[in-house]
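User: Please take a close look at one part of this chain, the loop residue that you find best described, and set it against the fold as a whole.

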Amino acid sequence: MNHRGTLIIQTDRLVLRPFKMDDIMDVYKNYGSDTNITQYISWIPCDTMEKCENFIKFNLKEYESNPKFYSWVITLDDIITGSIAIFNVNDDNDSGELGYSLGSKWWNNGYITEAGNAVIDYAFNMIDFNRIYASCHEENIGSKKVMEKLSMTYEGLLRDGQRNLDNTYSNLLLYAILKKDYKK
């Protein structure tokens with residue numbers, strides 16, 4: 001793969017850019033502390049200002065030292081609305097996992113689908129990934145719809161695939177898209 005790190009990506013409505021230290025308050029306020037999005041995830045990096053600061057510092061450190069680190073803040077008219085990333089990058093099989101969060105105030109406008117398409121395009125055409133996969137809690141209908149709109153194929157159910165914040169387990173739906181199936 002041709003790792004390039006997190007470069008700015010522009011879409012019709014959005015700018016995906018690296019995090020900056022002065023994003024802390026907006027990340028926290030606009031989606032990090034939004035309980036509508038945290039109900040289906042196993043870790044919450046930004047539900048306090050301190051965690052949000054640590055999360056952004058981690059991103060800044062990785063931008064400097066890791067060319068295969070892909071993590072963007074999503075902005076709409078210079079307003080931070082969420083984030084999107086490719087993580088668990090595996091050079092042995094040219095794959096990575098797509099993850100995203102969007103403040104509930106901006107749901108149902110196609111922003112995550114737009115951002116996801118841009119990141120997948122970047123991953124396949126600039127970095128030369130072969131496979132991008134994603135998963136979601138089986139009750140997270142919104143995320144399931146996003147993966148389907150991204151032309152990802154349902155691959156199966158991961159039974160007890162996630163330990164939740166309350167130490168219970170949840171099943172995950174697994175989706176993926178391959179470069180040979182990508183239509184752009």
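Analyst: A residue counts as buried when its relative accessible area is under 20%. By that cut-off, 46% of the 184 residues of the chain are buried in this predicted model, and aspartate 23, the subject of this answer, is among them because its relative accessibility is 3%, under the 20% limit.

Aspartate 23 sits in the loop that links strand β2 (14-17) to helix α1 (24-32). Within that setting, a polar atom of its side chain lies 2.7 Å from the backbone nitrogen of lysine 20. Once the neighbours within four places in sequence are set aside, aspartate 23 is in contact with Arg17, Pro18, Ile56, Val73 and Ile80.

The surrounding chain is built from five helices and eight strands, which follow one another along the sequence as β-β-α-α-α-β-β-β-α-β-α-β-β. Its radius of gyration is 16 Å, close to the 16 Å that the globule rule gives for 184 residues, so the chain is as compact as a globular protein of that length. Taken along the principal axes, the C-alpha atoms fill a box of roughly 40 × 35 × 30 Å. Of the contacts between residues at least 6 apart in sequence, 63% join residues at least 24 apart.

As for the surface and the charges, the chain exposes about 9,900 Å², of which carbon and sulfur atoms supply 46%, while the mean positions of its 20 positive and 26 negative charges are 3 Å apart.

Technical notes. Residues are numbered from 1 along each chain as its sequence is written. This is a predicted model: local features need pLDDT of at least 70, side-chain atom pairs count only at pLDDT 80 or more; totals for chains, interfaces and linings use all residues. Side-chain values use heavy atoms; hydrogens and water are left out. Helices (H or I, at least four residues) and strands (E, at least two) are DSSP runs, numbered from the N terminus. The radius of gyration is taken over C-alpha atoms; the globule rule is 2.2 Å times the number of residues to the power 0.38. Buried means under 20% relative accessible area, exposed over 50%, partly exposed in between (1.4 Å probe, protein chains only). Contact means heavy atoms within 4.5 Å. Accessible areas come from the Shrake-Rupley method with a 1.4 Å probe; for residues, only the protein chains shown count as cover. Lys and Arg count as positive and Asp and Glu as negative; His and the chain ends are not counted. The place of a charge is taken as NZ of Lys, CZ of Arg, CG of Asp or CD of Glu. A polar contact is a pair of N or O atoms within 3.5 Å; within protein, one must be able to donate a hydrogen and the other to accept it, and residues adjacent in sequence count only if both atoms are side-chain atoms.
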